[in-house]
Amino acid sequence: MLVSVSARHGNLGTGDQSLIEDKVEKLRRLYDRVNAIEVIVDLEKLESPVLEAKVSVEHEEDFIASATAATVIGALDVVIPKLEKQLRRAKEKRTEHRGTGLKHLEPTDVTDEVQ
């Protein structure tokens, strides 16, 4: 899985960049088909940085979330639950699509229906 963290209009501290990578990598435990995660931090307004994250998943559209907060880590803490919700919903949609197997159906009594 590829994780890329980049900044616009400024530079991130090494501690912030590694913390972002660590937190974002945990999204993979929700959905096995995650191919890449891209995080872009816009530092144009230092008092309210904007963080945007894009998760690329195999056979799905990209999941995108963004947030603005007082700090970069604060914005990350808002973005992570948004992405988790999107990934859970996509996984549920994919797994609930399957039909019920024959061995899980209730048997019907044929003699009652014939009479």
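Leaving aside neighbours within four places in sequence, E84 is in contact with L27, R29 and L30. E84 sits in helix 2, which spans residues 72-95. The model is predicted, and in it E84 counts as buried, at 17% relative accessibility. One of those contacts is also a charged pair. R29 forms a salt bridge with E84, with the closest N and O atoms 4.0 Å apart. The pair links distant parts of the chain: R29 lies in the loop between helix 1 and strand 2, E84 in helix 2, 55 residues apart. R29 itself is exposed, at 57% relative accessibility.

Now step back to the whole chain. The protein chain has three helices and four strands. Along the sequence their order is β-α-β-β-β-α-α. Of the 115 residues, 29% are buried. The chain exposes about 8000 Å², and carbon and sulfur atoms supply 48% of that area. Take the contacts with a separation of 6 or more: residues 24 or more positions apart account for 49% of them.

Next, the strands. Strand 2 (residues 34-42) and strand 3 (residues 50-57) run antiparallel, joined by eight bridges. One of the pairings is V34 with V57, the latter in strand 3. Strand 3 also runs antiparallel to strand 4 (residues 63-68), with six bridges between them. Here K54 has I64 in strand 4 as its bridge partner.

Which side chains of strand 3 point to the buried face? They are L51, A53, V55 and V57. V50, E52, K54 and S56 point to the other face and are not buried. In a regular strand, side chains alternate between the two faces of the sheet.

S56 shows what surrounds one position on the face that is not buried. Beyond four places in sequence, S56 touches R33, V34, N35, A36 and D62. The C-alpha atoms of S56 and L2 are separated by 9.7 Å, though the two residues are 54 residues apart along the chain.

F63 is in strand 4. It is buried, at 10% relative accessibility. Not counting residues up to four places away, F63 touches A53, K54, V55, V57, L83, Q86, L87 and A90. Take L87 from that list: F63 and L87 are 24 residues apart in sequence and 7.7 Å apart in space, C-alpha to C-alpha.

Turn to the connections. Strand 3 and strand 4 form a hairpin with five residues between them. H59 is in that turn, with a positive phi of about 65 degrees. H59 is a residue other than glycine. At 61% relative accessibility, H59 counts as exposed. H9 also has a positive phi, about 60 degrees, and is not a glycine. H9 is found in the loop between strand 1 (2-8) and helix 1 (14-25). H9 is exposed, with a relative accessible area of 55%.

H9 leads to D42, at residue 42 in strand 2. D42 touches R8, H9, P49 and V50, leaving out residues up to four places away in sequence. Why does D42, a buried residue, have no salt bridge? The nearest side chain of opposite charge, R8, is 4.1 Å away, and a salt bridge is defined by a distance within 4 Å, so the pair is not counted. The side chain of D42 does have a polar atom 3.2 Å from the backbone nitrogen of E44.

Charged pairs occur elsewhere. Side chains of opposite charge can pair when their charged atoms come close. The count comes to six salt bridges. One of them joins K23 and D77, at 2.7 Å, N to O. K23 lies in helix 1 and D77 in helix 2, so this pair ties together parts that are 54 residues apart in sequence. K23 is partly exposed, at 26% relative accessible area. D77 is partly exposed too, at 42%.

E58 and R33 form another salt bridge, with the closest N and O atoms 3.9 Å apart. E58 lies in the loop between strand 3 and strand 4, and R33 in the loop between helix 1 and strand 2, so the pair ties together parts that are 25 residues apart in sequence. E58 is partly exposed, at 34% relative accessibility. R33 is partly exposed as well, with a relative accessible area of 31%. Finally, salt bridges that share partners join E38, K54 and D62 into one network.

Conventions
Residues are numbered from 1 along each chain as its sequence is written. This is a predicted model: local features need pLDDT of at least 70, side-chain atom pairs count only at pLDDT 80 or more; totals for chains, interfaces and linings use all residues. Side-chain values use heavy atoms; hydrogens and water are left out. Helices (H or I, at least four residues) and strands (E, at least two) are DSSP runs, numbered from the N terminus. Buried means under 20% relative accessible area, exposed over 50%, partly exposed in between (1.4 Å probe, protein chains only). Lys and Arg count as positive and Asp and Glu as negative; His and the chain ends are not counted. A polar contact is a pair of N or O atoms within 3.5 Å; within protein, one must be able to donate a hydrogen and the other to accept it, and residues adjacent in sequence count only if both atoms are side-chain atoms. Contact means heavy atoms within 4.5 Å. Accessible areas come from the Shrake-Rupley method with a 1.4 Å probe; for residues, only the protein chains shown count as cover. Two strands pair if DSSP finds at least two bridges between them.
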